[in-house]
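User: Can you walk me through this one? I'd like to start with charged contacts, then look at empty space inside.

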Amino acid sequence: MLNITLPDGKKLSFSDSITGFEIAEKISKSLSKQALIVSVDGQLRDLDFKIKKDSAVKIFTSKDKEGLETIRHDTAHILAMAVQELFPGTQVTIGPVIEDGFYYDFARKDPFTKEDLEKIENKMKEIVDRNEKTYREVWKRNDAIEHFKKNGEIYKAEIINSIPEGEEVSIYFHGKWHDLCRGPHLSSTGKVGKFFKLTKVSGAYWRGDSNNEMLQRVYGTSWSTQKELDDYLLRIEEAEKRDHRKLGKEMDLFHFREESPGSVFWHEKGWNLFQKLVSYMRMKQDQAGYKEINTPEILDRTLWEKSGHWEKFGANMYTSTTPDEKVFAIKPMNCPGCVQVFNQGLKSYRDLPLKMSEFGKVHRYEPSGALHGLLRVRAFTQDDAHIFCTEDQITEECLSVTNLILEIYKDLGFENVILKYSDRPDLRVGDDSVWDKAEAALLEAIKESKLEYSINKGEGAFYGPKIEFVLMDAIGRDWQCGTLQVDLNLPGRLGASYVDKDGNKKIPVMLHRALFGSLERFIGILIENYSGKLPFWITPLQSVVIPVSNDFDEYAKNVYEQLKKSGISAEVDLKNHNLNYKIRDHSLSKVPMLLICGKKEVDTNSVTIRRLDSTKHENMDLKEFIKQYSAFNKAPSI
RNA sequence: GCCCCUGUAGUUAAAUGGUAUAACACAUCCAUGGUAAGGAUGAGUUUCCAGUUCAAUUCUGGGUGGGGGCACCA
């Protein structure tokens, strides 16, 4: 007698062993058609897995995450089958499911071309039509290793070798083709359907290690219906439309050029946006008790040696040798400079916590392949601050930083924030006992903040553990921005101290924090989040005054002058073009408000507002307009 | 840095072993227009360095930039 418990609590009894498929059949005919895999006591299994003891069973269809992931996993196998049929001698390695799809890494001398992808895709569809039956076998480890070695699959043999002793080595067959795989899989290749597409090819290191050889990775996406596939492809297209590199060009915000890869040439409007963010943050930080400072961009090599940067960060540093052969480094971080400001003059425990902020421009020699528009550059401005405090103050200061960050994100329209906590990396400075303390204090602050957090093992900075603030944008992508790091190492290395109550010198704790992280990067994120239609108060060009014809140029100029005085940014468009042309022109560059001036407006001393993405006309008295909109010209929390 | 793709006016693209085309933008002129492109005229271009060739923007190699990934990371 065998008792099966279903997720709704219902129990079914069977006399003998039973498979998931048979249970599904028992429940309903339609379920048996839709069933893809099962879980038995929480373990995902094939539909034909023989259940021999009392178990809790759940049946998954394509509507479940587990079902869809299995479809993707199977599509990856079919990809590997197709590649090996078309290109004999190609070795298979791994082919996992990823967000929205899957990939498979192959070892092959010749690279796959775009045409190859098409051929492979057609072959995959053929394999689905062949509807090859899937079955699972468990092999002895050594037999499996021998078998794959004999077939020239040295990567597979290596993978089997690294499977822990005692774990089953399962081999899945789709017809004759077979692969080492944990499973589970659909019962046949036909079950996968044809709602997939191969999206790109790229290189990828074997086992993710850049010391290893490079394999060829084929990416694909796979869904359970044509509509889901179409929706996904549309979503990708929509995301491309908000690419900040494209919008930055269209909106005339910035550009890059060959003479300085990874460094931004800010145009007037982009720089205006940049400055609006800076002055907003100055105001917020001033309210929160920060003192703004500024330190040199170029500092002597010896300081970087003392701080540990020369050794641990040297590969990313720009250096400069002067005519008299002295070596300086262009700062990749602001911290050593800030500590020097702290070191100047004697500090008392009464001065703590001392919060020093700096909009510091740093340069880092990033690997060329990492550069990506504003999101990853070689020269960027950190909205940095260093908080010198006592060990007892760490938790409280961390909490106040967290609150400031959340407030600022909210002002800019990001309310969905999670934390990532990273502890000690392999490459680090300082004793483990010091790390123990720093990690504990930071973790305590996180717990008190009550925010959701995840742990990244070994991802901390070389001088201390850190929290990263990750925000979610309008289309669900997450971006790492702010960071908060506890540092019990640098102040000691650089000789920072304060006089404590008892008259003895003590070494302060230093917290490093950045709110947006990099202004450049944050602007990129803002542009993508808003598709270029930024909140009014940070929009660089808020209005353009357009006369209906030259007859109204004087009035339009007058309106423009008044707007400028009120702090609303404006241009007046007196070019030889008609109204339609100008509306199109400024709409494409995403000016939120166009102010149309003709006879009617002159007569009533008013403007007609035409908003971006609206064809409504709204006539408003000019004084009233200025009063209303200059009030909107600041952050929500100010 | 590694793998693949790629570099043509300000921008987006087209074409070619005999130095190149269009649209938009720009300039001048005409038109003076009420909510997403009015018309005419004009000026402007093959990423750099080698090689092959009578001839290279085109073919080959390299540098460099850009893109998609990997690795790295704010």
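User: How many salt bridges are there?
Analyst: This is a predicted model. The count comes to 42 salt bridges.

User: Which residue does Lys53 meet in a salt bridge?
Analyst: Asp41. Their side chains come to 3.6 Å, N to O. Lys53 is in the loop between strands E6 and E7, and Asp41 is in the loop between strands E4 and E5, so the pair ties together parts 12 residues apart in sequence.

User: Is Lys53 buried or exposed?
Analyst: Lys53 has 55% relative accessibility, so it counts as exposed. Exposed means over 50%. Asp41, at 41%, counts as partly exposed.

User: What does Lys533 form a salt bridge with?
Analyst: Asp613, with the closest N and O atoms 2.6 Å apart. This pair links distant parts of the chain, 80 residues apart.

User: Which residues are linked in a network of salt bridges?
Analyst: Glu85, Lys123, Glu126, Arg130 and Glu132.

User: New topic. How many cavities of 30 Å³ or more are there?
Analyst: There are 3. The largest holds about 70 Å³ of space. Its lining includes Met251, Lys269 and Pro540. That lining divides into 5 nonpolar, 3 polar and 2 charged residues.

User: And where does the second largest cavity lie?
Analyst: Domain 1 (2–61) and domain 2 (66–240) both give residues to its lining, so this cavity lies between them. Its volume is about 60 Å³.

User: Which strand gives the most to that lining?
Analyst: Strand E11 (residues 134–139), with 3 residues. Among the lining residues are Asp46, Tyr135 and His185.

How values were computed: Residues are numbered from 1 along each chain as its sequence is written. Chains are lettered from A and ligands numbered from 1 in the order in which they are written. Side-chain values use heavy atoms; hydrogens and water are left out. On a 1 Å grid over the protein atoms alone, a cavity is a set of points where a 1.4 Å probe fits but cannot get out, and a pocket is an open set with protein on both sides within 12 Å along at least five of seven lines; lining residues have an atom within 4 Å of a point. Grid points are joined across faces, edges and corners, and a volume is the space filled by probe spheres set on the points. Ala, Val, Leu, Ile, Met, Phe, Trp, Tyr, Cys and Pro count as nonpolar, Asp, Glu, Lys and Arg as charged, and the others, Gly among them, as polar. Helices (H or I, at least four residues) and strands (E, at least two) are DSSP runs, numbered from the N terminus. Domain bounds come from an automatic or database domain assignment. A salt bridge is a side-chain nitrogen of Lys or Arg within 4 Å of a carboxyl oxygen of Asp or Glu. Buried means under 20% relative accessible area, exposed over 50%, partly exposed in between (1.4 Å probe, protein chains only).
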